[in-house]
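Here is my note on the structure you sent. Keep the sequence and the 3D view side by side as you read.

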Amino acid sequence: MGLSIPVVWSDAQRRHAPETGVWLGVAIDADELPARADRIRSALEGAGATVVESESHDDAPLLAVHDAGLVEFLRTAWSEWSAEGYPDDPGQPDVVGYIFPTPGLLSGLEPRVPTALSARTGAWCFDTMTVIGEGTWEAARAAVDTALTATDLVLGGAPAAYACCRPPGHHVTRTAFGGSCYLNNAAVAAQHLRDGGTSSRVALLDVDAHHGNGAQAIFWEHDDVLTASVHVDPTDGWFPHFLGFADESGPSNLNVTLPSGSGDEAWLAGVDRLVEATRAHGSDAVVVALGVDAGIDDPNSPLAVTAHAFREAGRRLGTLGLPTVVVQEGGYVLDTVGALVLAALEGLDETR
Ligand SMILES: [Zn+2]
């Protein structure tokens, strides 16, 4: 029997296709590519999964977790950038920030909205590597619809559904994007479960190699949504650097940090802590932010997790026995990303 978890898909997500990113001022090859989703889809279809086309939703679920100003900026930035001629002078085809209203700059004053578009970017983006290209908005908005369609399947009674989202979303806060993410697909899904009327308490469990800082920030003061993340310790020098430490605690937030080099055993012990926290929270539905960049061959993290452990993590998350929306986050090695996602979903499927 094939994989029973439906796979939600949107072709429009391909429209975000940056050829380069900007890191430390240098143009580097992009690795958050449309081919990532293609590889995942083909692995899941090869295992017998049913692919469901994403359906469009209005902006209400998006605006439930993001500031309207952020959404409007993302919607319009590239066309304004293009109209103002930045692709020709200075020759930058993508929207990229250069000045940022840090607390040190503002010295206690409220940030204004800059007149120049080149400066406005810094008001909404917290890094210089997450550029906005011609199709970025369309793709990021489609990824939100993908997450919402998977959530609708679960609200409609499916025990689990998988949203094959890209670009990813878990680094985006209520008012700021970055970390190769534009809109927080998993946070939208969690809030949609809450607003769907069947779930009073939701757990958003993030197993991406990097801290899910976006959901932590969005739900910091909302104890109806537990946010819990297992990730490489930012103290070891990893993104998002300023957040994700074990001692950050809110009414319902858990950060499990792992030292560089951690393998299956330590990572699965971290997953167990997420499961325990979900039980203690009394959650009645789960969103899994499934990044697979903790995989042993992924250069984007120093963790060393195998496919065996991703399968086992799926099983352990499945033992909660709760309706589960799985949302794709990171995972950048094209040769293995599909197999790792499949392993996690097969593990989850075994418990159904
Ligand atoms: Zn990641």
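The points below cover the zinc site, one helix and a few backbone details.

1. Start with the status of the model. It is predicted. Please keep that in mind for every value below.

2. Next, the zinc ion. Which residues coordinate the zinc ion? They are D208 through OD, H210 through ND1 and D293 through OD. The distances run from 2.0 to 2.2 Å. Along the chain, the donors follow the spacing D-x1-H-x82-D. H210 sits in the loop between β6 (202–206) and α8 (213–218), while D293 sits in the loop between β9 (285–290) and α10 (307–318), so this pair ties together parts that are 83 residues apart in sequence. H210 and D293 are both buried.

3. Now find helix α7, residues 185–195. Why is it described as largely enclosed by the rest of the structure? Nine of its 11 residues are buried, so the description fits. Buried here means under 20% relative accessible area. The buried residues are N185, A186, A187, V188, A189, A190, Q191, H192 and L193. After α7 comes G197, which has a positive phi near 95°.

4. Look at the loop between β5 (160–163) and α7. P167 lies in this loop. The peptide bond from R166 to P167 is cis, and its omega is near -5°. S180 also has its place between β5 and α7. S180 is not a glycine, yet its phi is positive, at about 65°. Is S180 buried or exposed? Neither label applies: its relative accessibility is 21%, so S180 counts as partly exposed. The partly exposed class lies between the buried limit of 20% and the exposed limit of 50%.

5. There is another cis peptide bond to check. It runs from F239 to P240, with omega near 5°. Where is P240? It lies in the loop between β7 (225–232) and β8 (253–258).

6. Last, turn to L24. This residue is in the loop between β2 (20–23) and β3 (26–29). Its phi is near 55°, a positive value in a residue other than glycine. The relative accessibility of L24 is 66%, so it counts as exposed. The cut-off for that class is over 50%.

Terms used. Residues are numbered from 1 along each chain as its sequence is written. This is a predicted model: local features need pLDDT of at least 70, side-chain atom pairs count only at pLDDT 80 or more; totals for chains, interfaces and linings use all residues. Side-chain values use heavy atoms; hydrogens and water are left out. Buried means under 20% relative accessible area, exposed over 50%, partly exposed in between (1.4 Å probe, protein chains only). Helices (H or I, at least four residues) and strands (E, at least two) are DSSP runs, numbered from the N terminus. Donors are N, O and S atoms within 2.8 Å of the metal (3.2 Å for Na, K and Ca); water is not among the atoms, so sites may look incomplete.
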